[in-house]
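Me: I'd like a close look at a single part of this model, picked by you, and then a walk outward to other parts of the chain. Keep it chatty, but give me the residues.

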Amino acid sequence: MARILLTGGTGFIGSHTAVALAEAGHVPVLLDNFANSEPSVVEAVGAITGASPTLVEADIRDRDTLAAVLRDHKIDAVVHFAGLKAVAQSVADPVAYWDVNVGGMIALLGAMRETGCRRLIFSSSATVYGEPAALPVDETAPTGAINPYGATKLACEQLMENLAASEAGWDLVALRYFNPVGAHPSGSIGEAPRGSPNNLMPILLETVTGRRGPLSIFGDDYDTPDGTAVRDYIHVMDLAEGHVAALEAPGEGFRAFNLGTGRGTSVLELVRAFEQATGVPVPREKAPRRPGDVPVLEAAVGKAERELGWRATRSIAEMCRDAWRFASRN
């Protein structure tokens, strides 16, 4: 049993990871400023696991508070989710993204160094690969982000790598997510961003629940089988279990792992899978490509399976059904 601090712990991936950690026998401590989540998530996590986790309301850039939390709660390791995460928004406001994402990582690593906590799992992104030259993309592929969001993730990884090279005793892991979707099968927690969502599934759910017009398909002229962008979608509970696997496979220095399924699904394929899995039609319309998007991104996932003993097991149909269950109940 370990005591794990989850920054951004009430967010989409953080809340599901809190459940997975509790179910694995660990003690999650959540830290969030609720910029993109709600305090009620803590109760929902408690209802699923049988015990509400400790919550600290704070900003990831507040180094003094971070250090106090690490000391007071005797934290063994940190899983760092807190940050801004929308590609289009990062293009419009790169200063905010560098301030929160990179500034937050600097504050967190400073607090960890001060208190002697040396294990960190970082919520990174496949956007660090930019537009890859070969697919599926593995962890040895060149990095080179093509939008500010990806650039901030890459900068955080580079800082972790620099720190591990300069000081012995650090165990720093970057988990490069592909495209998380779905929800906990209970329907109690799921993806519920504040304001206008930026990711495909929450936008789709707003469409089918009548909160917005037809789903915009951003680009139908990519060099893909049906012209729409292809992504490697992964169920959020598979992703959450990947964090548990990373925490339970300690190492030394800096390591990076892809978390995906290894299978690509186009936007239209996902829409049709949702309709088939739920019986709910999805009104849709064509729209221009979004700046910063790449045509295809699929993961090579062998490293995580070999070194962490983890692989994704849930299907696209399960992702759609669980996402719809959460949306229809909330």
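Reply: One cut-off before we start: a residue counts as buried when its relative accessible area is under 20%. Keep in mind too that this is a predicted model.

The part I'd pick is histidine 16, which is found in helix H1. Its relative accessible area is 0%, so histidine 16 is buried. What does histidine 16 touch, leaving aside its neighbours within four places in sequence? The contacts are Ala183, His184, Ile189, Gly190, Val236, Met237 and Ala240.

Val236, Met237 and Ala240 lead us to the packing of H1 on H8. Helix H1 covers residues 12–23 and helix H8 covers residues 236–247; their axes are 8 Å apart, at an angle of about 60 degrees. An angle of 65 to 115 degrees would count as roughly perpendicular and one under 35 as roughly parallel, and H1 and H8 are therefore oblique to each other. As for hand, H1 and H8 cross in the right-handed sense. On the H1 side, the contact is made by Phe12, Ile13, His16, Thr17, Ala20 and Leu21. H8 brings Val236, Met237, Leu239, Ala240, Glu241, His243, Val244 and Leu247. Sort the residues of this H1–H8 contact by class and you get 10 nonpolar, 3 polar and 1 charged.

There's a second oblique helix pair to set beside that one. Helix H3 (residues 63–72) and helix H5 (residues 94–115) have axes that come within 8 Å and cross at roughly 40 degrees, and that makes H3 oblique to H5. The H3–H5 crossing is right-handed. H3 puts Arg63, Leu66, Ala67, Leu70 and Arg71 into the contact, while H5 supplies Ala107, Leu108, Gly110, Ala111, Met112, Glu114 and Thr115. By class, that comes to 7 nonpolar, 2 polar and 3 charged residues for H3 with H5.

Past H3, have a look at lysine 74, in the loop between H3 and strand S4 (77–80). Lysine 74 isn't a glycine, yet its phi is positive, near 50 degrees. With a relative accessible area of 62%, lysine 74 is exposed.

Compare phenylalanine 34, found in the loop between S2 and helix H2 (40–49). Here phi is near 60 degrees, again a positive value in a residue other than glycine. Phenylalanine 34, though, counts as buried, at 7% relative accessibility.

Strand S2 itself, residues 27–32, is mostly covered, with 5 of its 6 residues buried. S2 pairs with strand S1 (residues 3–7) over 5 bridges, in the parallel sense. If you want a spot to zoom in on, leucine 5 stands opposite valine 29 in S2.

Now for helix H7, residues 200–208. Since 9 of its 9 residues are buried, H7 is largely enclosed by the rest of the structure. The buried residues are Leu200, Met201, Pro202, Ile203, Leu204, Leu205, Glu206, Thr207 and Val208, so you'll find Glu206 in that buried set. What covers these residues includes three strands, S7 (179–181), S8 (215–218) and S10 (233–235), as well as helices H9 (267–278) and H11 (316–329). After H7 comes glycine 210, with a positive phi near 80 degrees.

There's also an open sheet of 3 strands, in the order S12-S9-S14 and with mixed pairing. S12 (265–266) and S14 (296–297) stand at its edges with a single partner strand each, so one side of each has no neighbour in the sheet. Strand S9 (residues 230–231) runs parallel to S14, joined to it by 2 bridges. Among the residue pairs there, arginine 231 has leucine 297 in S14 as its bridge partner.

One last stop for the backbone-minded: the peptide bond from leucine 135 to proline 136 is cis, with omega near -5 degrees. You'll find proline 136 in the loop between strand S5 (119–125) and helix H6 (148–166).

If you go back to just one place, make it histidine 16: buried at 0% relative accessible area, and part of the contact between H1 and H8.

Methods
Residues numbered from 1 in each chain as written. Predicted model: local features only at pLDDT ≥ 70, side-chain atom pairs only at ≥ 80, totals over all residues. Heavy atoms only, no water. Axes fitted to C-alpha atoms, helices over the stretch in contact; angles between N-to-C directions. Helix = DSSP H or I, 4+ residues; strand = E, 2+ residues; numbered from the N terminus. Parallel < 35°, antiparallel > 145°, perpendicular 65-115°, else oblique. Left-handed = near helix turned anticlockwise from the far one by under 90°. Contact = heavy atoms within 4.5 Å. Nonpolar A, V, L, I, M, F, W, Y, C, P; charged D, E, K, R; others polar. Buried < 20%, exposed > 50% of the residue type's maximum accessible area, 1.4 Å probe, protein only. Pairing = 2+ DSSP bridges.
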